Amino acid sequence: MDFLLQNTLSGHKEKVFPADGQTLRFYCCGPTVYGPAHIGNFRTFTIQDLFRRTAEAIGIRTCHVRNLTDVDDKTIRESQKAGLSLKAFTDQWTRRFEDDCKSLNLLEPHHSPSAVSHIPQQIELIQRLVDKGLAYKGQDGSVYFRISAFPAYGKLSGLCREGLVCNADGRLHSEDEYGKEDYSDFALWKAWKDEDGPNRWESPWGPGRPGWHIECSAMSMHYLGESYDVHSGGVDLVFPHHENEIAQSEGATGKPFARHWFHPTHLRVEGQKMSKSLGNLYTLEDIRARGFSPEELRYVLISGHFRQPLNFTWDSLHAARSALQRLHKFRSKLSPATPVVGQPAGSSIPEFGVWEPVMASLADDLNAAQALGRLFTLIPQAESALVSDPSGRESILAGFDRVMYAFGFRLEAETAPEGQLDIPADILALAEARWQAKQSRDWAKADALRLDLSSRGWVVKDTKDGYSLSPVAV
RNA sequence: GGCACGGUAGCCAAGUGGUAAGGCCGGGCUCUGCAAAAGCCCUAUGCGUCGGUUCGAUUCCGACCCGUGCCUCCA
(Lines give C-alpha, C1' and ligand atoms only; values in the text may rest on other atoms or scores of the structure.)
Protein backbone atom coordinates (compact mmCIF):
# COMPACT_ATOMS: atom_id res chain seq x y z
CA MET A 1 0.00 0.00 0.00
CA ASP A 2 1.38 3.41 -0.95
CA PHE A 3 1.36 6.18 1.60
CA LEU A 4 0.51 9.55 0.07
CA LEU A 5 0.81 12.83 1.89
CA GLN A 6 0.56 16.40 0.75
CA ASN A 7 3.99 18.02 0.74
CA THR A 8 3.98 21.64 1.86
CA LEU A 9 6.99 22.20 -0.35
CA SER A 10 5.18 21.30 -3.58
CA GLY A 11 1.57 21.62 -2.52
CA HIS A 12 0.89 18.18 -3.97
CA LYS A 13 0.28 14.74 -2.60
CA GLU A 14 3.51 12.78 -2.81
CA LYS A 15 4.51 9.30 -1.82
CA VAL A 16 6.06 8.89 1.61
CA PHE A 17 9.06 6.58 1.41
CA PRO A 18 12.47 6.07 2.99
CA ALA A 19 15.14 7.42 0.66
CA ASP A 20 17.55 4.73 1.83
CA GLY A 21 15.00 2.02 1.20
CA GLN A 22 15.18 1.01 4.85
CA THR A 23 14.01 3.46 7.43
CA LEU A 24 11.76 6.48 7.16
CA ARG A 25 13.63 9.22 8.94
CA PHE A 26 11.54 12.11 10.17
CA TYR A 27 11.77 15.04 12.51
CA CYS A 28 9.02 16.81 14.38
CA CYS A 29 9.39 20.16 16.06
CA GLY A 30 8.66 19.53 19.71
CA PRO A 31 7.47 21.68 22.57
CA THR A 32 9.12 24.52 24.40
CA VAL A 33 9.10 23.18 27.93
CA TYR A 34 8.05 26.15 30.01
CA GLY A 35 4.54 25.03 31.01
CA PRO A 36 1.99 22.36 30.30
CA ALA A 37 1.30 21.75 26.64
CA HIS A 38 -2.30 22.48 25.64
CA ILE A 39 -4.62 20.43 23.49
CA GLY A 40 -3.72 22.50 20.46
CA ASN A 41 -0.10 21.49 20.82
CA PHE A 42 -1.25 17.93 21.21
CA ARG A 43 -3.27 18.03 18.05
CA THR A 44 -0.01 18.50 16.18
CA PHE A 45 1.84 15.83 18.12
CA THR A 46 -1.05 13.41 17.84
CA ILE A 47 -1.30 13.89 14.07
CA GLN A 48 2.44 13.27 13.85
CA ASP A 49 1.92 10.11 15.87
CA LEU A 50 -0.83 9.08 13.49
CA PHE A 51 1.59 9.68 10.64
CA ARG A 52 4.18 7.43 12.20
CA ARG A 53 1.70 4.71 13.11
CA THR A 54 0.24 4.75 9.62
CA ALA A 55 3.70 4.33 8.13
CA GLU A 56 4.50 1.49 10.51
CA ALA A 57 1.16 -0.21 10.04
CA ILE A 58 1.75 -0.52 6.31
CA GLY A 59 5.21 -1.90 6.91
CA ILE A 60 7.57 1.09 6.82
CA ARG A 61 10.22 1.13 9.50
CA THR A 62 10.66 4.55 11.11
CA CYS A 63 13.17 6.67 12.94
CA HIS A 64 11.38 9.49 14.69
CA VAL A 65 13.13 12.46 16.29
CA ARG A 66 11.32 15.12 18.25
CA ASN A 67 13.21 17.87 20.02
CA LEU A 68 12.66 19.63 23.32
CA THR A 69 13.32 23.35 23.34
CA ASP A 70 14.76 23.94 26.79
CA VAL A 71 16.46 27.26 26.31
CA ASP A 72 14.87 30.42 24.91
CA ASP A 73 13.41 33.68 26.19
CA LYS A 74 10.38 32.02 27.74
CA THR A 75 12.15 29.18 29.52
CA ILE A 76 14.75 31.56 30.93
CA ARG A 77 12.19 34.12 32.04
CA GLU A 78 9.80 31.61 33.57
CA SER A 79 12.51 29.65 35.34
CA GLN A 80 13.64 32.87 36.98
CA LYS A 81 10.09 33.66 38.04
CA ALA A 82 9.81 30.18 39.51
CA GLY A 83 13.10 30.60 41.33
CA LEU A 84 14.54 27.49 39.75
CA SER A 85 17.58 26.79 37.67
CA LEU A 86 16.84 26.53 33.98
CA LYS A 87 17.54 22.81 34.11
CA ALA A 88 15.36 22.10 37.12
CA PHE A 89 12.59 24.16 35.58
CA THR A 90 12.64 22.59 32.13
CA ASP A 91 13.12 19.10 33.55
CA GLN A 92 9.87 19.33 35.42
CA TRP A 93 7.93 20.43 32.36
CA THR A 94 9.67 17.84 30.22
CA ARG A 95 8.48 15.12 32.55
CA ARG A 96 4.98 16.51 32.43
CA PHE A 97 5.10 16.55 28.65
CA GLU A 98 6.30 12.97 28.52
CA ASP A 99 3.55 11.88 30.88
CA ASP A 100 0.94 13.61 28.76
CA CYS A 101 2.30 11.97 25.62
CA LYS A 102 2.08 8.59 27.28
CA SER A 103 -1.52 9.24 28.27
CA LEU A 104 -2.38 10.09 24.70
CA ASN A 105 -0.70 6.86 23.59
CA LEU A 106 1.85 8.74 21.51
CA LEU A 107 4.70 6.46 20.54
CA GLU A 108 7.91 7.56 22.13
CA PRO A 109 10.27 9.10 19.57
CA HIS A 110 13.44 7.16 18.95
CA HIS A 111 15.37 10.27 19.97
CA SER A 112 14.21 13.26 22.01
CA PRO A 113 17.19 15.60 21.94
CA SER A 114 17.15 18.87 23.85
CA ALA A 115 18.74 22.10 22.70
CA VAL A 116 20.88 22.51 25.80
CA SER A 117 22.42 19.08 25.39
CA HIS A 118 23.42 19.82 21.78
CA ILE A 119 25.16 23.17 22.03
CA PRO A 120 28.39 21.97 20.31
CA GLN A 121 26.47 20.70 17.30
CA GLN A 122 24.76 24.05 16.98
CA ILE A 123 27.97 26.02 17.31
CA GLU A 124 29.55 23.87 14.67
CA LEU A 125 26.69 24.50 12.27
CA ILE A 126 26.82 28.24 12.90
CA GLN A 127 30.55 28.16 12.26
CA ARG A 128 29.99 26.53 8.89
CA LEU A 129 27.57 29.29 7.99
CA VAL A 130 29.97 32.00 9.13
CA ASP A 131 32.76 30.38 7.12
CA LYS A 132 30.58 30.40 4.03
CA GLY A 133 29.61 34.03 4.43
CA LEU A 134 26.02 33.12 5.19
CA ALA A 135 26.21 34.43 8.73
CA TYR A 136 27.80 37.40 10.42
CA LYS A 137 28.34 38.82 13.86
CA GLY A 138 26.13 41.85 14.39
CA GLN A 139 26.85 45.02 16.27
CA ASP A 140 25.14 43.62 19.34
CA GLY A 141 27.47 40.61 19.43
CA SER A 142 24.84 38.15 18.22
CA VAL A 143 25.32 36.09 15.09
CA TYR A 144 22.73 36.42 12.36
CA PHE A 145 21.86 34.56 9.21
CA ARG A 146 22.32 36.66 6.08
CA ILE A 147 19.17 36.03 4.13
CA SER A 148 20.30 38.08 1.15
CA ALA A 149 22.98 35.41 0.61
CA PHE A 150 20.44 32.61 0.32
CA PRO A 151 18.30 33.21 -2.80
CA ALA A 152 16.03 30.21 -2.26
CA TYR A 153 14.63 31.78 0.91
CA GLY A 154 10.85 31.55 0.92
CA LYS A 155 10.38 28.37 -1.08
CA LEU A 156 8.43 26.58 1.62
CA SER A 157 6.01 29.31 2.67
CA GLY A 158 5.66 30.94 -0.72
CA LEU A 159 6.24 34.28 0.93
CA CYS A 160 8.35 36.63 -1.09
CA ARG A 161 10.32 39.18 0.85
CA GLU A 162 8.65 42.07 -0.89
CA GLY A 163 5.24 40.94 0.32
CA LEU A 164 6.17 40.79 3.97
CA VAL A 165 4.75 43.43 6.20
CA CYS A 166 7.22 44.42 8.88
CA ASN A 167 6.06 43.22 12.28
CA ALA A 168 2.56 42.58 10.99
CA ASP A 169 1.03 41.57 14.29
CA GLY A 170 3.16 43.62 16.59
CA ARG A 171 4.73 40.64 18.25
CA LEU A 172 8.25 41.71 17.54
CA HIS A 173 10.26 43.54 20.13
CA SER A 174 12.34 46.48 19.06
CA GLU A 175 15.57 45.08 20.47
CA ASP A 176 15.27 42.10 18.17
CA GLU A 177 16.11 44.30 15.25
CA TYR A 178 19.13 45.86 16.75
CA GLY A 179 22.46 44.85 15.26
CA LYS A 180 21.11 43.21 12.14
CA GLU A 181 22.11 44.09 8.60
CA ASP A 182 18.60 43.45 7.38
CA TYR A 183 15.23 43.27 9.02
CA SER A 184 14.70 39.73 7.72
CA ASP A 185 17.91 38.29 9.14
CA PHE A 186 17.41 36.03 12.13
CA ALA A 187 19.56 35.14 15.10
CA LEU A 188 21.70 32.01 15.11
CA TRP A 189 23.56 32.82 18.31
CA LYS A 190 22.24 35.31 20.84
CA ALA A 191 24.82 37.23 22.80
CA TRP A 192 24.51 36.97 26.58
CA LYS A 193 22.61 39.74 28.36
CA ASP A 194 22.36 40.51 32.06
CA GLU A 195 18.84 39.22 32.33
CA ASP A 196 19.96 35.81 31.07
CA GLY A 197 21.66 35.29 34.42
CA PRO A 198 23.77 32.15 34.63
CA ASN A 199 22.33 30.77 31.43
CA ARG A 200 25.26 31.21 29.08
CA TRP A 201 27.48 29.05 26.98
CA GLU A 202 30.88 29.83 25.50
CA SER A 203 31.22 30.16 21.74
CA PRO A 204 33.68 31.57 19.20
CA TRP A 205 31.53 34.71 19.21
CA GLY A 206 31.45 35.15 22.93
CA PRO A 207 29.11 33.92 25.65
CA GLY A 208 25.49 33.49 24.83
CA ARG A 209 22.97 30.89 23.75
CA PRO A 210 21.70 29.42 20.51
CA GLY A 211 18.84 31.01 18.65
CA TRP A 212 15.66 29.01 18.33
CA HIS A 213 15.82 27.89 14.72
CA ILE A 214 19.35 26.50 14.77
CA GLU A 215 18.60 23.70 17.23
CA CYS A 216 16.23 21.95 14.86
CA SER A 217 18.69 22.11 11.97
CA ALA A 218 21.59 20.93 14.07
CA MET A 219 19.80 18.16 15.90
CA SER A 220 17.79 16.80 13.01
CA MET A 221 20.91 16.55 10.86
CA HIS A 222 22.84 15.07 13.77
CA TYR A 223 20.39 12.21 14.19
CA LEU A 224 19.00 11.80 10.70
CA GLY A 225 21.71 12.99 8.33
CA GLU A 226 22.04 16.12 6.27
CA SER A 227 19.21 15.03 3.98
CA TYR A 228 16.29 13.11 5.37
CA ASP A 229 12.76 12.10 4.53
CA VAL A 230 10.11 14.07 6.40
CA HIS A 231 9.87 17.13 8.62
CA SER A 232 6.75 18.28 10.39
CA GLY A 233 5.45 20.95 12.71
CA GLY A 234 2.44 23.10 13.40
CA VAL A 235 1.27 25.28 10.53
CA ASP A 236 2.49 28.40 12.30
CA LEU A 237 6.02 27.09 11.99
CA VAL A 238 6.03 27.16 8.20
CA PHE A 239 7.13 30.71 8.40
CA PRO A 240 9.56 31.69 9.70
CA HIS A 241 10.81 28.67 11.64
CA HIS A 242 10.92 26.05 8.91
CA GLU A 243 11.91 28.54 6.28
CA ASN A 244 14.85 29.43 8.47
CA GLU A 245 15.73 25.82 9.09
CA ILE A 246 15.92 25.24 5.37
CA ALA A 247 18.09 28.30 4.89
CA GLN A 248 20.50 27.27 7.65
CA SER A 249 20.70 23.64 6.70
CA GLU A 250 20.87 23.88 2.95
CA GLY A 251 23.07 26.93 3.21
CA ALA A 252 25.58 25.00 5.29
CA THR A 253 25.49 21.65 3.49
CA GLY A 254 24.59 22.60 -0.06
CA LYS A 255 22.29 19.56 0.00
CA PRO A 256 18.50 19.31 0.13
CA PHE A 257 17.32 19.28 3.75
CA ALA A 258 14.05 17.45 4.42
CA ARG A 259 12.39 16.20 1.27
CA HIS A 260 8.82 16.08 2.50
CA TRP A 261 7.06 18.54 4.83
CA PHE A 262 3.65 18.42 6.41
CA HIS A 263 1.92 20.83 8.74
CA PRO A 264 -1.13 20.09 10.86
CA THR A 265 -3.44 23.08 11.14
CA HIS A 266 -4.46 24.72 14.38
CA LEU A 267 -7.19 23.67 16.69
CA ARG A 268 -10.01 26.03 17.52
CA VAL A 269 -12.00 25.80 20.72
CA GLU A 270 -15.76 26.28 20.74
CA GLY A 271 -15.45 28.25 17.53
CA GLN A 272 -12.84 30.57 18.92
CA LYS A 273 -9.13 30.96 18.67
CA MET A 274 -7.32 29.50 21.63
CA SER A 275 -5.85 32.11 23.87
CA LYS A 276 -4.98 32.76 27.46
CA SER A 277 -7.41 35.66 27.72
CA LEU A 278 -10.33 33.48 26.60
CA GLY A 279 -9.32 30.87 29.14
CA ASN A 280 -9.60 28.08 26.61
CA LEU A 281 -6.02 26.90 26.51
CA TYR A 282 -7.05 23.52 27.84
CA THR A 283 -4.49 21.03 29.06
CA LEU A 284 -4.80 17.31 29.56
CA GLU A 285 -5.47 18.07 33.19
CA ASP A 286 -8.52 20.14 32.21
CA ILE A 287 -9.78 17.30 30.04
CA ARG A 288 -9.47 14.86 32.91
CA ALA A 289 -11.07 17.29 35.33
CA ARG A 290 -14.16 17.26 33.15
CA GLY A 291 -14.25 13.51 33.34
CA PHE A 292 -12.86 12.67 29.92
CA SER A 293 -9.97 10.41 29.14
CA PRO A 294 -6.90 11.19 27.08
CA GLU A 295 -7.97 8.50 24.64
CA GLU A 296 -11.24 10.33 24.08
CA LEU A 297 -9.26 13.48 23.41
CA ARG A 298 -7.07 11.55 21.03
CA TYR A 299 -10.13 10.47 19.11
CA VAL A 300 -11.30 14.07 18.80
CA LEU A 301 -7.86 15.31 17.76
CA ILE A 302 -7.54 12.90 14.87
CA SER A 303 -11.18 12.88 13.83
CA GLY A 304 -10.83 15.74 11.38
CA HIS A 305 -8.46 16.06 8.48
CA PHE A 306 -5.14 17.40 9.75
CA ARG A 307 -4.94 20.20 7.21
CA GLN A 308 -8.43 21.38 8.10
CA PRO A 309 -9.02 23.54 11.12
CA LEU A 310 -10.67 21.41 13.80
CA ASN A 311 -13.20 22.86 16.17
CA PHE A 312 -12.83 21.32 19.61
CA THR A 313 -15.99 21.23 21.71
CA TRP A 314 -16.94 19.38 24.89
CA ASP A 315 -19.70 17.88 22.83
CA SER A 316 -17.18 16.35 20.47
CA LEU A 317 -15.60 14.63 23.45
CA HIS A 318 -18.96 13.06 24.28
CA ALA A 319 -19.24 11.89 20.70
CA ALA A 320 -15.74 10.45 20.91
CA ARG A 321 -16.67 8.53 24.06
CA SER A 322 -19.61 6.86 22.39
CA ALA A 323 -17.65 6.07 19.27
CA LEU A 324 -14.79 4.55 21.24
CA GLN A 325 -17.18 2.48 23.30
CA ARG A 326 -18.56 0.99 20.12
CA LEU A 327 -15.07 0.10 18.96
CA HIS A 328 -14.32 -1.36 22.33
CA LYS A 329 -17.43 -3.48 22.35
CA PHE A 330 -16.80 -4.75 18.88
CA ARG A 331 -13.27 -5.67 19.86
CA SER A 332 -14.49 -7.48 22.95
CA LYS A 333 -16.96 -9.44 20.88
CA LEU A 334 -14.15 -10.59 18.61
CA SER A 335 -12.01 -11.66 21.50
CA PRO A 336 -12.12 -10.97 25.21
CA ALA A 337 -8.35 -10.60 25.32
CA THR A 338 -6.82 -7.17 25.56
CA PRO A 339 -5.76 -5.96 22.15
CA VAL A 340 -2.10 -6.14 21.32
CA VAL A 341 -0.77 -2.62 21.06
CA GLY A 342 2.80 -3.36 20.09
CA GLN A 343 4.30 -2.49 16.75
CA PRO A 344 3.19 -4.78 13.95
CA ALA A 345 5.90 -7.14 12.79
CA GLY A 346 8.17 -5.15 10.54
CA SER A 347 9.18 -7.85 8.12
CA SER A 348 5.85 -9.39 7.26
CA ILE A 349 3.59 -7.66 4.80
CA PRO A 350 0.65 -6.32 6.80
CA GLU A 351 -2.72 -7.83 6.04
CA PHE A 352 -5.74 -5.69 6.74
CA GLY A 353 -8.33 -8.00 5.28
CA VAL A 354 -11.78 -6.48 5.31
CA TRP A 355 -10.34 -3.35 6.93
CA GLU A 356 -8.20 -2.54 3.94
CA PRO A 357 -10.38 0.44 2.90
CA VAL A 358 -9.90 1.96 6.35
CA MET A 359 -6.16 1.72 6.06
CA ALA A 360 -6.31 3.01 2.51
CA SER A 361 -7.98 6.19 3.78
CA LEU A 362 -5.30 6.73 6.39
CA ALA A 363 -2.61 6.12 3.80
CA ASP A 364 -4.24 8.67 1.52
CA ASP A 365 -3.09 11.93 3.02
CA LEU A 366 -3.96 10.79 6.56
CA ASN A 367 -7.67 11.08 5.93
CA ALA A 368 -8.67 9.91 9.37
CA ALA A 369 -12.20 11.26 9.13
CA GLN A 370 -12.87 9.13 6.09
CA ALA A 371 -11.08 6.20 7.69
CA LEU A 372 -13.34 6.38 10.73
CA GLY A 373 -16.39 6.62 8.51
CA ARG A 374 -15.34 3.51 6.66
CA LEU A 375 -14.53 1.75 9.90
CA PHE A 376 -18.02 2.28 11.27
CA THR A 377 -19.52 1.22 7.98
CA LEU A 378 -17.52 -1.99 7.96
CA ILE A 379 -18.12 -3.03 11.55
CA PRO A 380 -21.75 -4.13 11.10
CA GLN A 381 -20.76 -5.83 7.88
CA ALA A 382 -18.00 -7.73 9.65
CA GLU A 383 -20.43 -8.69 12.40
CA SER A 384 -22.93 -10.19 10.05
CA ALA A 385 -20.18 -11.89 8.08
CA LEU A 386 -19.05 -13.56 11.29
CA VAL A 387 -22.53 -14.86 11.93
CA SER A 388 -22.62 -16.70 8.63
CA ASP A 389 -18.97 -17.73 8.73
CA PRO A 390 -17.35 -17.76 12.17
CA SER A 391 -14.10 -19.08 10.73
CA GLY A 392 -13.19 -15.58 9.60
CA ARG A 393 -12.81 -14.39 13.15
CA GLU A 394 -9.04 -14.68 13.33
CA SER A 395 -8.33 -12.65 10.25
CA ILE A 396 -10.94 -10.01 11.07
CA LEU A 397 -9.40 -9.67 14.51
CA ALA A 398 -5.83 -9.46 13.26
CA GLY A 399 -6.72 -6.81 10.69
CA PHE A 400 -8.75 -4.86 13.20
CA ASP A 401 -5.88 -4.76 15.66
CA ARG A 402 -3.54 -3.53 12.95
CA VAL A 403 -5.95 -0.74 12.13
CA MET A 404 -6.33 0.12 15.80
CA TYR A 405 -2.56 0.30 16.04
CA ALA A 406 -2.58 2.87 13.26
CA PHE A 407 -5.25 4.96 14.98
CA GLY A 408 -3.46 4.52 18.28
CA PHE A 409 -6.55 3.42 20.19
CA ARG A 410 -5.87 1.16 23.12
CA LEU A 411 -9.50 0.25 23.68
CA GLU A 412 -8.84 -0.48 27.31
CA ALA A 413 -11.63 -0.72 29.83
CA GLU A 414 -13.02 2.77 30.05
CA THR A 415 -13.68 2.98 33.76
CA ALA A 416 -10.64 3.26 35.95
CA PRO A 417 -10.95 1.24 39.14
CA GLU A 418 -9.80 4.17 41.25
CA GLY A 419 -12.91 6.05 40.23
CA GLN A 420 -15.03 3.43 41.96
CA LEU A 421 -13.23 3.55 45.27
CA ASP A 422 -14.83 6.42 47.09
CA ILE A 423 -18.49 5.48 47.14
CA PRO A 424 -19.86 6.60 50.51
CA ALA A 425 -20.99 3.85 52.82
CA ASP A 426 -24.55 5.15 53.08
CA ILE A 427 -24.87 5.15 49.30
CA LEU A 428 -23.59 1.60 49.18
CA ALA A 429 -26.07 0.60 51.87
CA LEU A 430 -28.95 2.11 49.90
CA ALA A 431 -27.85 0.35 46.77
CA GLU A 432 -27.55 -2.91 48.63
CA ALA A 433 -31.02 -2.48 50.12
CA ARG A 434 -32.39 -1.82 46.66
CA TRP A 435 -30.74 -4.94 45.36
CA GLN A 436 -32.33 -6.99 48.13
CA ALA A 437 -35.72 -5.46 47.39
CA LYS A 438 -35.26 -6.28 43.77
CA GLN A 439 -34.32 -9.85 44.58
CA SER A 440 -37.53 -10.21 46.57
CA ARG A 441 -39.41 -8.64 43.64
CA ASP A 442 -40.53 -5.68 45.70
CA TRP A 443 -40.51 -3.35 42.72
CA ALA A 444 -42.08 -0.40 44.52
CA LYS A 445 -39.42 -0.41 47.20
CA ALA A 446 -36.64 -0.91 44.68
CA ASP A 447 -37.82 2.01 42.59
CA ALA A 448 -38.15 4.23 45.63
CA LEU A 449 -34.57 3.44 46.59
CA ARG A 450 -33.44 4.17 43.04
CA LEU A 451 -35.08 7.57 43.30
CA ASP A 452 -33.45 8.15 46.64
CA LEU A 453 -30.04 7.33 45.24
CA SER A 454 -30.67 9.53 42.27
CA SER A 455 -31.52 12.48 44.50
CA ARG A 456 -28.22 11.93 46.26
CA GLY A 457 -26.41 12.12 42.94
CA TRP A 458 -25.88 8.46 42.16
CA VAL A 459 -27.09 6.39 39.25
CA VAL A 460 -27.59 2.68 39.68
CA LYS A 461 -27.57 0.40 36.69
CA ASP A 462 -28.44 -3.26 36.83
CA THR A 463 -26.30 -5.76 35.05
CA LYS A 464 -26.76 -9.49 34.50
CA ASP A 465 -25.86 -10.49 38.01
CA GLY A 466 -25.45 -7.31 39.99
CA TYR A 467 -25.45 -3.57 39.68
CA SER A 468 -23.10 -0.68 39.21
CA LEU A 469 -23.04 2.74 40.83
CA SER A 470 -21.79 5.89 39.21
CA PRO A 471 -22.04 9.57 40.03
CA VAL A 472 -24.54 11.54 38.01
CA ALA A 473 -22.76 13.25 35.12
CA VAL A 474 -22.54 16.98 35.67
C1' G B 1 -2.07 45.29 1.48
C1' G B 2 0.25 40.06 0.23
C1' C B 3 -0.14 34.71 0.52
C1' A B 4 -3.05 30.52 2.00
C1' C B 5 -7.39 27.91 3.73
C1' G B 6 -12.46 27.15 4.76
C1' G B 7 -18.34 27.85 4.66
C1' U B 8 -22.08 20.34 3.73
C1' A B 9 -28.12 18.43 8.77
C1' G B 10 -29.21 20.55 15.88
C1' C B 11 -23.49 19.53 16.64
C1' C B 12 -18.76 17.34 14.64
C1' A B 13 -17.22 15.88 9.86
C1' A B 14 -16.02 12.96 4.81
C1' G B 15 -17.04 13.13 -0.31
C1' U B 16 -18.35 13.25 -5.65
C1' G B 17 -19.68 16.03 -12.92
C1' G B 18 -25.14 12.24 -12.28
C1' U B 19 -27.92 13.54 -7.87
C1' A B 20 -25.13 13.60 -0.30
C1' A B 21 -19.94 8.54 4.19
C1' G B 22 -19.63 8.23 9.25
C1' G B 23 -20.05 9.76 14.48
C1' C B 24 -22.91 12.44 18.29
C1' C B 25 -27.60 14.25 19.67
C1' G B 26 -32.91 13.55 18.80
C1' G B 27 -37.20 10.42 17.53
C1' G B 28 -39.57 5.45 16.84
C1' C B 29 -39.40 0.19 17.72
C1' U B 30 -37.62 -4.64 19.99
C1' C B 31 -35.94 -6.81 24.46
C1' U B 32 -35.57 -7.36 29.55
C1' G B 33 -40.27 -5.80 36.47
C1' C B 34 -38.87 -0.47 35.73
C1' A B 35 -34.37 2.05 34.45
C1' A B 36 -29.84 1.21 31.95
C1' A B 37 -27.36 -1.58 28.30
C1' A B 38 -27.83 -3.89 23.62
C1' G B 39 -30.08 -4.39 18.73
C1' C B 40 -33.09 -2.47 14.57
C1' C B 41 -35.07 1.73 12.02
C1' C B 42 -35.75 7.10 10.91
C1' U B 43 -33.53 12.16 10.55
C1' A B 44 -30.02 17.40 4.51
C1' U B 45 -34.91 17.38 -2.56
C1' G B 46 -29.94 19.89 0.41
C1' C B 47 -23.83 21.18 0.31
C1' G B 48 -22.50 30.30 1.94
C1' U B 49 -24.94 33.81 -2.15
C1' C B 50 -25.58 35.03 -7.27
C1' G B 51 -24.35 34.07 -12.16
C1' G B 52 -21.84 30.86 -16.08
C1' U B 53 -20.28 26.02 -18.56
C1' U B 54 -23.05 21.24 -18.96
C1' C B 55 -28.08 16.70 -20.74
C1' G B 56 -27.02 17.25 -15.54
C1' A B 57 -23.03 21.17 -10.41
C1' U B 58 -22.88 20.50 -3.94
C1' U B 59 -18.62 19.02 -7.13
C1' C B 60 -15.76 22.94 -12.74
C1' C B 61 -15.41 28.55 -13.83
C1' G B 62 -16.38 33.78 -12.32
C1' A B 63 -18.09 37.42 -8.95
C1' C B 64 -19.64 38.43 -4.20
C1' C B 65 -20.65 37.63 1.22
C1' C B 66 -18.88 35.52 5.76
C1' G B 67 -15.08 33.12 8.71
C1' U B 68 -9.94 31.53 9.69
C1' G B 69 -4.50 31.20 9.49
C1' C B 70 0.32 33.22 8.35
C1' C B 71 3.13 37.80 6.92
C1' U B 72 10.14 37.32 11.49
C1' C B 73 11.22 33.21 17.62
C1' C B 74 2.98 30.76 18.57
C1' A B 75 1.90 23.59 17.65
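Where does Asp-365 have its place? Asp-365 sits in the loop between helix 10 and helix 11, and it's one of several spots worth a look in this predicted model. Below is a quick tour of two helices, some backbone oddities, the cysteines and a proline in a loop.

**Helix 12**

- Helix 12 covers residues 393-407, and its 15 residues should span 21 Å at 1.5 Å a residue. The C-alpha atoms at its ends are indeed 21 Å apart, so expectation and model agree.
- Plenty of this helix is tucked away: Ile-396, Leu-397, Gly-399, Phe-400 and Asp-401 are among its buried residues. Further along helix 12, Val-403, Met-404, Tyr-405, Ala-406 and Phe-407 are buried too.
- What do those buried residues of helix 12 pack against? Their partners are helix 1 (39-57), helix 8 (294-302), helix 9 (314-334), helix 10 (356-362) and helix 11 (368-388).
- Right after helix 12 comes Gly-408, with a positive phi near 80 degrees.

**Helix 6**

- Helix 6 runs over residues 238-253, which makes 16 residues and an expected span of 22 Å at 1.5 Å a residue. Its end C-alpha atoms lie 21 Å apart, and that agrees with the expectation.
- Of the 16 residues in helix 6, 14 are buried, so the rest of the structure largely encloses this helix.
- There's a cis peptide bond to spot here: it joins Phe-239 and Pro-240, with omega at about 0 degrees. Pro-240 belongs to helix 6.
- Gly-254 follows helix 6, and its phi is positive, near 75 degrees.

**Positive phi outside glycine**

- Asn-105 isn't a glycine, yet its phi is positive at about 60 degrees. You'll find Asn-105 in the loop between helix 3 (86-103) and helix 4 (119-131).
- Is Asn-105 buried or exposed? Its relative accessibility is 15%, and because buried means under 20%, Asn-105 counts as buried.
- Back to Asp-365 in its loop between helix 10 and helix 11: this residue, also other than glycine, has a positive phi near 65 degrees. With a relative accessible area of 5%, Asp-365 is buried.

**Cysteines**

- How many disulfides does a search of the whole structure find? The count is 0.
- Cys-28, for one, is in no disulfide, and the nearest cysteine sulfur, that of Cys-29, is 7.8 Å away. Cys-28 has 0% relative accessibility, so it counts as buried.
- Why is Cys-216 without a bond to Cys-29? The Cys-29 sulfur is the closest cysteine sulfur to that of Cys-216, but at 3.9 Å it's too far for a bond; a disulfide needs the two sulfur atoms within 2.5 Å.
- Cys-216 is at 1% relative accessibility, so this residue counts as buried.

**Pro-207 in its loop**

- Pro-207 is in the loop between strand 7 (187-191) and strand 8 (208-210). At 27% relative accessibility, Pro-207 counts as partly exposed.
- Setting aside neighbours within four places in sequence, Pro-207 is in contact with Trp-189, Lys-190, Ala-191 and Trp-192, among others. Its contacts also include Arg-200, Trp-201 and Glu-202.
- Ser-142 is 65 residues from Pro-207 along the chain, and the C-alpha atoms of the two are separated by 9.6 Å.

Key. Residues numbered from 1 in each chain as written. Chains lettered and ligands numbered in written order. Predicted model: local features only at pLDDT ≥ 70, side-chain atom pairs only at ≥ 80, totals over all residues. Heavy atoms only, no water. Helix = DSSP H or I, 4+ residues; strand = E, 2+ residues; numbered from the N terminus. Expected span 1.5 Å × (residues − 1). Buried < 20%, exposed > 50% of the residue type's maximum accessible area, 1.4 Å probe, protein only. Contact = heavy atoms within 4.5 Å.
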